[in-house]
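Hi there,

I promised to pass this structure on to you, so here it comes. Have a look at it first, and then read my notes below.

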Number of protein chains: 2
Amino acid sequence: MQPRAHVTLEDVARAADVSLATASRALNGMRVTPQLRDRVLAAAEKLAYTPNAHARALAGASHRTVGVICHDVTDPYFAAVAGGVMRVAGANDLLVMLASTFRDPEREIAYVSMLRAERAPAILLIGSGFEDARWERALEAELKPYLDGGGRVAVVSRHRSLKVDSVLPENRAGAAAMARALLDLGHRRFAVLSGPRALTTVADRLGGFREELAKAGVGLDPADIVEAPFTRDGGYGAMTELLARGSTATCVFALTDVMAIGACAALRDQGLSVPNDISVAGFDDIPIVRDLTPPLTTVALPLQSLGEKAMELALTENSGRRRRLLRMGGEVVLRGSTAKVGS
Amino acid sequence: MQPRAHVTLEDVARAADVSLATASRALNGMRVTPQLRDRVLAAAEKLAYTPNAHARALAGASHRTVGVICHDVTDPYFAAVAGGVMRVAGANDLLVMLASTFRDPEREIAYVSMLRAERAPAILLIGSGFEDARWERALEAELKPYLDGGGRVAVVSRHRSLKVDSVLPENRAGAAAMARALLDLGHRRFAVLSGPRALTTVADRLGGFREELAKAGVGLDPADIVEAPFTRDGGYGAMTELLARGSTATCVFALTDVMAIGACAALRDQGLSVPNDISVAGFDDIPIVRDLTPPLTTVALPLQSLGEKAMELALTENSGRRRRLLRMGGEVVLRGSTAKVGS
DNA sequence: CTGAAAGCGCTTACAG
DNA sequence: CTGAAAGCGCTTACAG
């Protein structure tokens, strides 16, 4: 049996013995004599008719599919933010096209281009921008015509030069608060497990942390900063490297919880105890860290809200000319992975 | 500044001083005199032209956006499977529309309908079906015309009556293998933290486990089976309930790792030690369970492959008439959360 | 309220 | 190889 062609509005109109226009109106809930309306609805039902979204979009009806681009759905941080996005999207009867760039900048540009072709009414960029001028220009070149065409864009996390509505986790302040909290515990010698320097998030968190330490007269030895991918395995490798370097830090600050989880695994594998031998702190407060042993000290970000707010920004008309910035604070949560020095 | 209309192929053709047809061909890599081709490409570049995907789809070109419906992106199980789907999709230049039903059957149907309207060339259903005749009929009513129209459908996990290509984790055999492994450790009194009975996955895992125990002459007291949502908090609540009932089980089998994580948290909060006071086992082997303390004994499923295979099934022509079934085995991995009885 | 018709932006036979 | 034209399946002024 060869696949039949799709049932079209015309089939429905014919079956109901009305014009195309009337069928369209009846299906879209516009004013139509009840009798005709019933005939149309019955015919549509019987034929299992589904309107062709492309024809609809082409003909000018608004398209209900928004685009979301994140680095990696598999990462609990992005999963949580995406969850927030989808909650709001679902509540607004919107379908979400979710793309994973797997942290490839080229692919990010390609996805924006595809979403633009899809005429998505909104595009959300979830995740830190890259501090790379070439990439920024290419991204802007895609986004500019999209915005000019009436597209809406919102981002979560800082993008240096993008003039779009943004939800900004307070990375800098959060990292500074964490520095203070750790200093209060008596630590004076720190190590940092960092992600790729090109990410704005890395610059902000590392900068905020370092600066606050400096205020207390505590320096950060370059040898105590290890750069690795923003993944569990990246954290594992970085921690292993740090130990190999013979670091004397009493406390390790991982720039994300996911890296902290890897770091803890590495310490365990080396027979070291957290927090007795060394304290570990993370950033984000992804759901799982509460259930680790010991539970992780971290900077808690309202992850789901980040996504919800971004979707709301994109959905809501920006009356003013200027971009809207929504700062979302983080809060230090001290848990079992960090201990007082000397206790 | 009012949003200008989108740049269209016609604009490009005019700028390049060629016909619409030639512009279209040049952009699509069909044979065109190099000179004309260059003019078209240059014009497109200058105007930041992006083809309208809707017009393209309407005009008959194939649409490169596939649909994926899962229960909850936020759940590490689905995140891992979705990751596999996206990897294959990305490699094939496909965009993924990912929808989260948040476990609402109604919403699942609604999403299939939307994806059908989008004329997605393929729809993937990730996650267990519901054993609910009304729901099954409604889903089939959506899927049938889609399939007849040439749509491709693949599912991960068992759907009772859906005649579509399927990737089937061997839930039954995996649970049976787990039962054997736990019996081998000397356990004779078990409890099960179960998800909603209406899910086929629950029926299979619980059935396989119970049956294997029965072969060894070990029964499962109904009071030792607690049903709760398939979430971390569901597992926490179920474990708490089990303790309140005064269960004497020496080993708890949670039907998913996510529930097992909640169970471990509940035990910890009650001051009980895993595995000294009680053993805990899960199912799925989501990435995080390796990093728990103690690491979780579980049935390891190749989560990413599940997604990859499903996407591949949907992408690859089904030459035969019949549905293809791809069974993917699970393997018991004994870790620290289970102990020998009496040791 | 209803219908005939134009138009959305492409692709693709069909001629040339 | 190139171009004029039809057609994809809708929506929406425009008449009536």
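Let me start with the contact between the two chains: chain B brings 58 residues to it and chain A brings 57 residues. Please keep in mind throughout that this is a predicted model. Between chain B and chain A, about 5,000 Å² of area is buried, and carbon and sulfur atoms account for 58% of that. On the chain B side, the residues that lose the most area to chain A are B:His54, B:Leu95 and B:Arg119, which together make up 15% of what that side buries.

The polar part of this contact is worth a look too. There are 26 residue pairs in polar contact between chain B and chain A, counting pairs with both residues at pLDDT 80 or more. Several elements of chain B each supply at least two residues to the side that touches chain A, among them helix 5 (76-91), strand 2 (95-100), helix 7 (133-148) and helix 11 (257-269). Which helix of chain B gives the most to that side? The answer is helix 6, with seven residues. Sorted by class, the side of chain B that touches chain A holds 30 nonpolar residues, 14 polar ones and 14 charged ones. The salt bridges between chain B and chain A number two. A:Asp291 and B:Arg232 form a salt bridge in which the closest N and O atoms are 2.6 Å apart.

One residue to find in this region is A:Thr50, which sits in the loop between helix 3 (34-47) and helix 4 of chain A. A:Thr50 counts as buried because its relative accessibility is 7%, under the 20% limit. Its side chain makes a polar contact, at 2.6 Å, with the side chain of B:Arg116. Setting aside neighbours within four places in sequence, A:Thr50 is in contact with A:Val7 from its own chain and with B:Ser113, B:Arg116, B:Ala117 and B:Arg119 from chain B.

Next, please turn to DNA strand D. Of the 23 residues around this strand, A:Ser24, B:Thr22, B:Arg25, B:Thr33 and B:Leu36 come nearest. The residues of this surface comprise twelve nonpolar, seven polar and four charged. Helix 2 (20-27) and helix 4 (53-58) of chain A, along with helix 2 (20-27) of chain B, each supply at least two of the residues there. What share of the strand D atoms within 4 Å of the protein belongs to sugar or phosphate? It is 68%, and the rest belong to bases. Two side chains of chain A can be picked out at the phosphates: a polar atom of A:Asn28 lies 3.2 Å from a phosphate oxygen of strand D, and a polar atom of A:Arg56 lies 2.8 Å from a phosphate oxygen of the strand. At a base, a polar backbone atom of B:Ala59 is 3.3 Å from a base oxygen of DNA strand D.

Finally, have a look at A:His159, in the loop between strand 4 (152-156) and strand 5 (165-169) of chain A. Is A:His159 buried or exposed? With a relative accessibility of 6%, A:His159 counts as buried. Its side chain reaches the backbone oxygen of A:Ser157 at 3.4 Å. Not counting residues up to four places away in sequence, A:His159 touches A:Leu125, A:Gly127, A:Ser128, A:Gly129, A:Trp135 and A:Leu139.

Enjoy exploring, and all the best!

Conventions: Residues are numbered from 1 along each chain as its sequence is written. Chains are lettered from A and ligands numbered from 1 in the order in which they are written. This is a predicted model: local features need pLDDT of at least 70, side-chain atom pairs count only at pLDDT 80 or more; totals for chains, interfaces and linings use all residues. Side-chain values use heavy atoms; hydrogens and water are left out. A residue is near a molecule or strand if one of its heavy atoms lies within 4 Å of it. A polar contact is a pair of N or O atoms within 3.5 Å; within protein, one must be able to donate a hydrogen and the other to accept it, and residues adjacent in sequence count only if both atoms are side-chain atoms. Helices (H or I, at least four residues) and strands (E, at least two) are DSSP runs, numbered from the N terminus. Ala, Val, Leu, Ile, Met, Phe, Trp, Tyr, Cys and Pro count as nonpolar, Asp, Glu, Lys and Arg as charged, and the others, Gly among them, as polar. Contact means heavy atoms within 4.5 Å. Buried area is the accessible area (1.4 Å probe) that two parts lose on being put together, summed over both. A salt bridge is a side-chain nitrogen of Lys or Arg within 4 Å of a carboxyl oxygen of Asp or Glu. Buried means under 20% relative accessible area, exposed over 50%, partly exposed in between (1.4 Å probe, protein chains only).
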